[in-house]
Every structure is written in structure tokens, then in C-alpha cells.
Amino acid sequence: MIPLPRRNLIAMGTAALAAVTAAPRLATAAHPFTQPPLPFAESALAPVISAQTVQFHYGKHHAAYYANLNRMTENTPYAAMSLEEIVVKSAADPRDKGLFNQAGQCWNHDFYWKVLTPGGSRQPTGKLRTAIERDFGGFDKFSQAFAARANAVFGSGWAWLVEDGGKLALMETSNADTPLAHGKRPLATIDVWEHAYYLDYQNRRADHVDALLKTLVNWDFVRDQMTTQ
Ligand code: MN
């Protein structure tokens, strides 16, 4: 990759700067960037997500994004940045779309594995429960809306619960795009790229999303991503 002209490094918009500030701190080590360890055994999410799916998703897809990120940032100014900074700065320059795709997918997957946990925590508690009742009219309505958003993503992408201006909101992103690039704070996500479910559910994305939401979400982690009280 050609080293970036200096003006790219200082060309950050207000929204992008806000996103860096708002970004949960997941992985901040500089080059070479290290894929965080999977927080559970490959088989721990079965039968909702099989060991084979996790093996390919974490061990091949996610790992490849990290390999590409390291290759593309080596000997560039990006090598000294945190992953969050790379995501936000590469999103701001169309010439860095290729790097953004790799960095965004690294960050999105780091976050995705933290949202999932064997057995889930079943129900949101505390301030998350209060906010869901306030902004969605209850957990059942929220779950239906989150699932509908995930099922509506056309092609590869992600469905997100975000904090935006002190309120909860749902959004979807295509391909590697991420709420970080839009100044919003991610709280939860569902990966709806086919590699996330096709070995287990083939074309039945809705069944995968339903099972994931009912049994695998770590709502305590989601709650702890909130900045509001
Ligand atoms: Mn994925």
C-alpha cells in the first residue's frame, strides 16, 4: 500500500471524531494487529451456531481480515493507529475503501464475538431494560424489530443496536460498514453475511436470527456498552 499523503491523516470530520470518542475500546494495539482470542470454545454456541461455522467464521474469515489488515497497513501511518482510528480514518477517504473493508470487518467481528455467549443472558437488565421499554415499548417488540432489521439486510451486512443521541436505535450496514464510521455507538450486532449461518441454516436466515436472539446474546455485555445512565 502506498503511504498516505499527510493531509489524509488530518482530514477527519466532526462525526468521525465523535465516533473515535464513542468507540468501545476493544483492540488498541498497534501493528501488527492481533485477532482477539475467541471468548469461548468453537463448539460452545452449538446447536444454534455449529462448531464448524465458528471454525470457519473465526478461524478463516475473521483471521483473513486481520492478515489483510496487517499487510495493508505495514509501513504506512496507519500502522501506529488503533483499529478504531483506522476504521474511522479509512472510512473518510474513498481511496482507502479497500483498507476500510478489512479494518471494518476486523472490528465488527471482534465486537460480534463479544455480543455472543453460550446460553445467553436471556433478558436485558438494568438501564438497558429501561431504555428498551422506553424506546421500543418492551423487549418482545424490540426483539421483533431487531430480527426484522436483520432479515431485511439485502446481501451481506450487519444489523445493529446502537446508542444515538442518548436513545437506542436499530440500523443496518452493508458489507464492512459499521456504526463507528457514522458517529454512533454500537451496543449489539447480528452478522448476516451468509458465512455466519449458511452451513447450519442454508437460506433460512430468519431462523438463525431468531435462535441467536433467543439464546446467545450476552445482554449484560450489551448493557455495559451504554454510555447513558
Ligand atoms: Mn462474519
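The chain's secondary structure comes to 10 helices and 3 strands. Helices are DSSP runs of H or I with at least four residues, strands are runs of E with at least two, and both are numbered from the N terminus. The model is predicted: local features need pLDDT of at least 70, side-chain atom pairs count only at pLDDT 80 or more, and totals for chains, interfaces and linings use all residues. Residues are numbered from 1 along each chain as its sequence is written, and side-chain values use heavy atoms, with hydrogens and water left out.

**Exercise 1. Write the order of helices and strands along the sequence, and state what share of the residues count as buried.**

Step 1. Read along the sequence. The pattern is α-α-α-α-α-α-α-β-β-β-α-α-α.

Step 2. Fix the terms. Buried means under 20% relative accessible area, exposed means over 50%, and partly exposed lies in between (1.4 Å probe, protein chains only).

Step 3. Apply them. Of the chain's 229 residues, 50% count as buried.

Step 4. Take one helix. Helix α4 (residues 83-91) has 7 of its 9 residues buried, so it is largely enclosed by the rest of the structure. Those buried residues are L83, E84, I86, V87, V88, K89 and S90.

**Exercise 2. Find the protein donors of the manganese ion and place H57 and H109 in the chain.**

Step 1. Define a donor. Donors are N, O and S atoms within 2.8 Å of the metal (3.2 Å for Na, K and Ca); water is not among the atoms, so sites may look incomplete.

Step 2. List the donors. They are H57 (NE2), H109 (NE2), D191 (OD) and H195 (NE2), at 2.0 to 2.1 Å from the manganese ion.

Step 3. Write the spacing. In sequence, the donor residues run H-x51-H-x81-D-x3-H. H57 in helix α3 (residues 51-73) and H109 in helix α5 (residues 97-115) are 52 residues apart, a pair that links distant parts of the chain.

Step 4. Check accessibility. H57 counts as buried because its relative accessibility is 1%. H109 has a relative accessible area of 0%, so H109 is buried.

**Exercise 3. Work out the strand order of the sheet and name its edge strands.**

Step 1. Set the rule. Two strands pair if DSSP finds at least two bridges between them.

Step 2. Pair β1 with β2. Strand β2 (residues 167-174) and β1 pair in the antiparallel sense over 8 bridges. D164 stands opposite K167 in β2. The two strands form a hairpin with 2 residues between them, and G165 in the turn has a positive phi of about 60°.

Step 3. Pair β1 with β3. Strand β3 (residues 185-191) and β1 are antiparallel too, over 6 bridges. W158 stands opposite D191 in β3, and E163 stands opposite R185 in β3. D191 is also one of the manganese donors.

Step 4. Assemble. The result is an open sheet of 3 strands in the order β2-β1-β3, with antiparallel pairing. β2 and β3 are the edge strands, each pairing on one side only.

Step 5. Check β1. In strand β1 (residues 157-164), 7 of the 8 residues are buried, so β1 is largely enclosed by the rest of the structure.

**Exercise 4. Describe the largest pocket: its volume, its lining and the helices that supply the lining.**

Step 1. Define it. On a 1 Å grid over the protein atoms alone, a cavity is a set of points where a 1.4 Å probe fits but cannot get out; a pocket is an open set with protein on both sides within 12 Å along at least five of seven lines, and lining residues have an atom within 4 Å of a point.

Step 2. Give the volume. The largest pocket has about 170 Å³. Grid points are joined across faces, edges and corners, and a volume is the space filled by probe spheres set on the points.

Step 3. List the lining. The residues are R122, F139, D140, S143, Q144, A147, D210, L213 and K214.

Step 4. Assign helices. α7 (139-152) and α9 (205-215) each supply at least two lining residues. The largest share, 5 residues, comes from α7.

Step 5. Look at D210. D210 lies in helix α9. D210 counts as partly exposed because its relative accessibility is 37%.

**Exercise 5. Locate the cis peptide bonds at P32 and P47.**

Step 1. Take P32. A cis peptide bond joins H31 and P32, with omega about -5°. P32 lies in the loop between α2 (14-22) and α3.

Step 2. Take P47. The bond from A46 to P47 is cis, with omega about 5°. P47 is in the loop between α2 and α3.
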